[in-house]
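Hi everyone, thanks for making time. I'd like to walk you through one structure this morning, so please have a look at it while I talk.

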Amino acid sequence: MTNSLSRIENLRPHALPHHQALLDGTDWASLETPFGPGAGEALPTALARILDPDPVIRSAATDDALRMVTHQNTIYQATVPVALYVAAILRHPTISADSFGHNADMPPHRPTLARLLDWLSATAYDADDECLAISEHHHGMGNLQEDREMRAFRDQRPAIFFAVHPLLGHDNTQVRDAALLAAIPLAEHPILTAHQVELAGHAHRLLATSTDRYHRDRVLNAMKAWGHHTSDLENADDISARERYARLKAQRDSWWATDGTSGYCEDPPF
């Protein structure tokens with residue numbers, strides 16, 4: 001984190017600044033993004049447009065803003081204030097209204113609220129305990145700039161979690177499921193682990209209703225990590241997917257065990 005974020009570094013673990021305070025109080029141009037020095041200068045304008053009342057502008061702005069801090073599963077300096085801004089607008093009236101139905105003149109779309117939750121979820125998974133351990137194993141503890149930014153995001157998980165939490169009971173199924181997938185990796189934070197019991201209840205609901213392969217995999221993996229037996233929750237597709245993943249893992253492990261010289265012309269699909 002840089003001095004430009006001094007206004008948000010001393011937040012209580014569960015507190016979020018107002019979204020406008022984040023836009024005005026962050027030196028965006030000084031923050032690292034995937035696109036080089038100064039690229040973050042465009043972020044406040046893009047982020048502000050996510051709240052535009054025009055759904056077409058809002059959708060394009062969501063794509064533009066989040067793309068500016070998304071690249072190869074990496075956490076950047078700009079990721080933390082963007083994540084806090086996204087968390088701070090989850091219950092903004094414009095975003096909330098977008099999650100109920102759709103304009104008759106427009107085709108069905110994924111609500112902006114669900115898309116913002118999707119990004120928070122993906123970012124939280126990119127900074128989860130497993131990713132941090134892998135990064136430290138390969139680069140040495142605390143020696144990589146990316147580790148520092150990852151830790152900065154991890155420190156803000158409680159604030160983000162408590163912004164996501166009310167949406168676990170949202171009327172829109174897409175929003176409700178997206179909120180659960182965001183809450184799961186955030187709940188790895190030590191002060192949030194008690195919420196895993198509640199999240200397991202929501203996981204049971206998702207597994208009873210959703211056929212989305214990605215969602216089911218994430219939820220089943222979380223349930224197993226939390227010590228729950230999942231055999232009664234799995235359907236035939238889950239079992240088939242689990243067996244396929246096991247075969248791919250065995251192929252990968254075999255490939256790495258022979259230092260990539262076992263005869264594969266390409267890396268196994270991971």
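**Two buried residues and a loop**

Let me start inside: leaving aside neighbours within four places in sequence, valine 82 is in contact with Trp28, Leu43, Leu47, Leu66, Val69 and Trp119. Before I go on, please keep in mind that this is a predicted model.

Where does valine 82 sit? You'll find valine 82 in helix α5, which covers residues 79–88. Is valine 82 buried or exposed? Valine 82 has a relative accessible area of 0%, so it counts as buried, the cut-off for that word being under 20%. Take one of its contacts, Leu43. Along the chain, leucine 43 and valine 82 are 39 residues apart, yet their C-alpha atoms are separated by 8.4 Å.

Now please move along to helix α12, residues 196–209, where leucine 199 lies. Leucine 199 is buried too, because its relative accessible area is 0%. Which residues does leucine 199 touch? Not counting residues up to four places away in sequence, the list is Phe161, Leu168, Leu180, Ala183, Ile184, Ala187 and Trp226. For a sense of the spacing here, the C-alpha atoms of leucine 199 and histidine 165 are separated by 9.6 Å, with their positions 34 residues apart along the chain.

Let's go back to α5 and look at what comes before it. The loop between α4 (55–67) and α5 holds glutamine 72, and asparagine 73 lies in that loop as well. What is the phi of glutamine 72? It is near 50 degrees, a positive value in a residue other than glycine. Asparagine 73 isn't a glycine either, and its phi is positive at about 55 degrees. Why do we call these two exposed? The cut-off is over 50% relative accessible area; glutamine 72 has 63%, so it is exposed, and asparagine 73 counts as exposed because it has 54% relative accessibility.

Finally, let's zoom out to the whole protein. There are 14 helices and zero strands, so if you read along the sequence you simply get α repeated: α-α-α-α-α-α-α-α-α-α-α-α-α-α. Of the 270 residues, 44% are buried. Among contacts with a separation of 6 or more, 63% come from residues 24 or more positions apart; the valine 82 contact with Leu43 that I showed you is a contact across 39 residues. As for the outside, the protein exposes about 13700 Å², and carbon and sulfur atoms supply 52% of that.

Thanks for listening, and I'm happy to go back to any of these views.

Conventions: Residues numbered from 1 in each chain as written. Predicted model: local features only at pLDDT ≥ 70, side-chain atom pairs only at ≥ 80, totals over all residues. Heavy atoms only, no water. Helix = DSSP H or I, 4+ residues; strand = E, 2+ residues; numbered from the N terminus. Buried < 20%, exposed > 50% of the residue type's maximum accessible area, 1.4 Å probe, protein only. Contact = heavy atoms within 4.5 Å. Areas by Shrake-Rupley, 256 points an atom, 1.4 Å probe, with all protein chains shown as cover.
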